[in-house]
Amino acid sequence: MAAHVEHSHGRQVAQSYFDELVEENMRDFEVSREEAIKDTIEELKAQGVDVCNLDTTGDAGAAAERAEVAAAVAAIKSPDDVGDLSRLVALLGGAGGEAARAAHNREAFFAAGGVVKLFDAIAGAGCADADVGAGADALSLMMKWHAPSRNAMRRERAAALVNKAGGDESDEQLCISCLALLRHSCLKSESNKNCVFNASGGQVALFLLEHRPTPRLVKESALLLRAICMADDYSVKVSGAHDRTRDLNKLGAVGLLVQTCKDFREERANDASVVLPALFACVKQFCTNVDSVKATVDAGMLDEIFDALRSRGADASLCRSGLGALRNIAADDDVKHRLMSVEHVGLILEAMRNHGGDSLLQEHGLGMFAAACLRRPDHSQTLFASDGVPTMLRGMRTHPESVNLQRQGCLALRNMAVRADDALKQGILDEGAEAVLRAAGRFQASVDEAYAALRDLGLQIGIVTVNAQDGKVVEDGLYFGAKKANFNPVLDESGNTASAVQNAAHAPNEDMGF
């Protein structure tokens with residue numbers, strides 16, 4: 001969404017200020033609205049203003065909607081008088097052709113102070129459950145799509161939402177709305193994760209998993225746990241994700257997740273497609289350290305994942321999240337052998353073949369094989385014998401611009417080749433790996449892995465330089481891993497050192513062209 005403020009980089013102005021400038025230009029210069037808008041945009045850009053957050057279409061309908069948003073904010077007077085929130089949700093959450101207009105509505109809502117005002121209203125004791133749910137839905141849209149809105153989260157506000165979601169008798173839809181708001185507030189915000197966690201958000205999610213395991217509540221609870229444990233805020237130097245995951249594990253989170261998977265697989269199979277993807281995604285986030293991986297495997301999660309791949313392989317979402325969990329589990333050297341039986345490798349490859357167009361699923365599969373084959377030539381042999389290489393290369397060819405996928409594919413092929421015998425290396429090359437790896441070397445993020453794979457497959461790979469002027473590729477005469485000699489002719493041995501130094505000396509103005 002081009003109008004999304006999260007992607008902007010320059011100074012910004014309010015929509016109302018832009019609209020005033022347009023009206024002023026129309027009045028002062030007697031030009032049409034279209035000309036006035038064009039002149040106003042150029043004027044603001046010349047001043048270093050980023051206009052990506054503004055509605056520059058001049059659409060009267062869009063302006064009317066922004067006026068509705070402002071009126072909705074004004075109507076929020078107290079917890080027991082919040083106005084028509086259902087209309088507000090519709091204005092903030094437009095999809096399809098309405099997406100850009102909804103983005104401008106969210107800007108207007110934020111600029112009018114609606115986020116804080118609505119937060120305080122629904123957190124109040126006198127707010128009706130229906131209004132709390134609708135308000136939480138509106139704020140959830142703001143938190144999901146409008147990054148600055150997340151700064152409104154405070155521990156006391158998180159605690160109010162947790163209390164409303166965690167009651168035994170709380171309405172199910174109210175619980176779901178509150179959990180979704182908490183989850184979206186955690187998106188790329190370390191401080192909000194801590195707020196939610198310290199307000200017992202994780203404990204309430206575990207409580208709901210155990211005592212109110214309806215499909216929708218299980219899904220939303222698992223996704224909240226995942227958000228709390230995810231390290232996705234790159235603006236901070238240190239993440240507390242490890243500590244939060246450890247503390248939730250002490251409360252029995254992993255065992256409860258596995259048991260919930262088992263209950264839905266055995267007794268509530270019709271609802272499994274709703275909850276299993278969320279549960280597997282949550283497990284992936286937990287499996288980021290040795291202790292969590294061991295606890296997850298010991299609790300029987302591998303059986304749940306592979307059974308799901310076996311019985312529900314047509315479900316792309318389930319396969320994607322299942323392979324994501326296996327990818328993290330495979331990083332543990334003491335456990336990965338349990339993933340690489342002939343049957344298990346076949347199930348993973350089948351999921352990759354069935355969903356070749358899903359780039360993230362392919363990346364997870366390649367990443368899992370990269371980890372599993374590291375320092376394990378026996379795993380490489382199993383993967384090769386299962387026709388794994390054609391499937392891996394097909395995924396890389398299908399998604400040539402997915403840099404992360406290309407990197408994982410290069411790592412997987414390199415880890416297969418590095419300890420392999422000549423027959424296995426030749427077999428990989430016979431499938432066309434060389435061309436795929438050379439193509440992956442176009443990207444800075446995967447060039448080292450691509451060259452390492454080609455090198456370990458026994459190929460000599462020249463280092464080339466692309467001429468910026470004519471685009472011609474020039475072979476440097478070096479090979480990957482080689483080092484250019486650091487040789488200065490001035491320091492060459494000579495019987496007449498003084499003369500050599502004098503001949504090499506020149507005034508600085510010669511270098512500068514004076």
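**Close-ups of a predicted, mostly helical-element model: figure legends****Figure 1. The buried face of helix α17.** Met301, Leu302, Glu304, Ile305, Phe306, Asp307, Ala308 and Leu309 are the buried residues of α17. "Buried" here means under 20% relative accessible area, "exposed" means over 50%, and "partly exposed" covers what falls in between (1.4 Å probe, protein chains only). Since 8 of the 11 residues of α17 are buried, the helix is largely enclosed by the rest of the structure. Its buried residues pack against α14, α15 (272–286), α16 (290–298), α18 (316–329) and α19 (342–354). Helices (H or I, at least four residues) and strands (E, at least two) are DSSP runs, numbered from the N terminus. This is a predicted model, so local features need pLDDT of at least 70 and side-chain atom pairs count only at pLDDT 80 or more, while totals for chains, interfaces and linings use all residues. Residues are numbered from 1 along each chain as its sequence is written, and side-chain values use heavy atoms, with hydrogens and water left out.

**Figure 2. The protein chain as a whole, for orientation.** The protein chain holds 28 helices and 2 strands. Of its 514 residues, 47% count as buried. Take the contacts (heavy atoms within 4.5 Å) with a separation of 6 or more: residues 24 or more positions apart account for 69% of them.

**Figure 3. Phe369 in the largest nonpolar core.** A nonpolar core is a set of buried Ala, Val, Leu, Ile, Met, Phe, Trp, Tyr and Cys residues joined through side-chain atoms within 4.5 Å. The largest one has 131 residues, and Phe109 and Phe369 are the members that touch the most others. Leaving out residues up to four places away in sequence, Phe369 touches Met340, Val345, Ile348, Leu349, Met352, Leu383 and Ala412. There's also a second, separate core of 11 residues, with Val13, Phe18, Leu21 and Ala36 among them. In soluble globular proteins, nonpolar side chains tend to be buried together.

**Figure 4. A salt bridge between α14 and α17, and the network around it.** Here Arg265 and Asp307 meet through their side chains in a salt bridge (3.7 Å, N to O). Arg265 lies in helix α14 (residues 253–266) and Asp307 in helix α17 (residues 301–311), so the pair ties together parts that are 42 residues apart in sequence. Arg265 is partly exposed, at a relative accessible area of 28%, whereas Asp307 is one of the buried residues of α17. The two don't sit on their own: a network of salt bridges links Arg265, Glu266, Glu304, Asp307, Arg310 and Glu343. To count as a salt bridge, a side-chain nitrogen of Lys or Arg has to be within 4 Å of a carboxyl oxygen of Asp or Glu, and by this rule the count comes to 29.

**Figure 5. Two more salt bridges, Asp456 to Arg414 and Asp247 to Arg246.** In the first pair, the closest N and O atoms of Asp456 and Arg414 are 3.0 Å apart. The bridge links distant parts of the chain, with Asp456 in helix α26 (residues 447–456) and Arg414 in helix α23 (residues 403–417), 42 residues apart. Asp456 is buried, with a relative accessible area of 12%, while Arg414 is partly exposed at 23%. In the second pair, the side chains of Asp247 and Arg246 meet at 3.3 Å, N to O. Asp247 counts as partly exposed at 26% relative accessibility, and Arg246 does too, at 37%.

**Figure 6. Helices α4 and α7 side by side.** The axes of α4 (residues 85–92) and α7 (residues 129–145) come within 9 Å and cross at roughly 15°. Axes are lines fitted to C-alpha atoms, for helices over the stretch in contact, and angles run from 0 to 180 degrees between N-to-C directions. The two helices are therefore roughly parallel to each other, a label for angles under 35 degrees (over 145 is roughly antiparallel, 65 to 115 roughly perpendicular, the rest oblique). On the α4 side, the contact is made by Leu85, Leu88, Val89 and Leu92. From α7 come Asp131, Ala134, Gly135, Asp137, Ala138, Leu141 and Met142.

**Figure 7. Two buried polar side chains, Glu65 and Gln285.** Glu65 lies in helix α3 (residues 60–75) and is buried, with a relative accessible area of 15%. Leaving aside neighbours within four places in sequence, Glu65 is in contact with Leu91, Arg101 and Asn105. Gln285, in helix α15, is buried at 11%. With neighbours within four places set aside, Gln285 is in contact with Arg226, Cys229, Met230 and Ala231. Gln285 and Ala231 are 54 residues apart in sequence and 9.0 Å apart in space, C-alpha to C-alpha.
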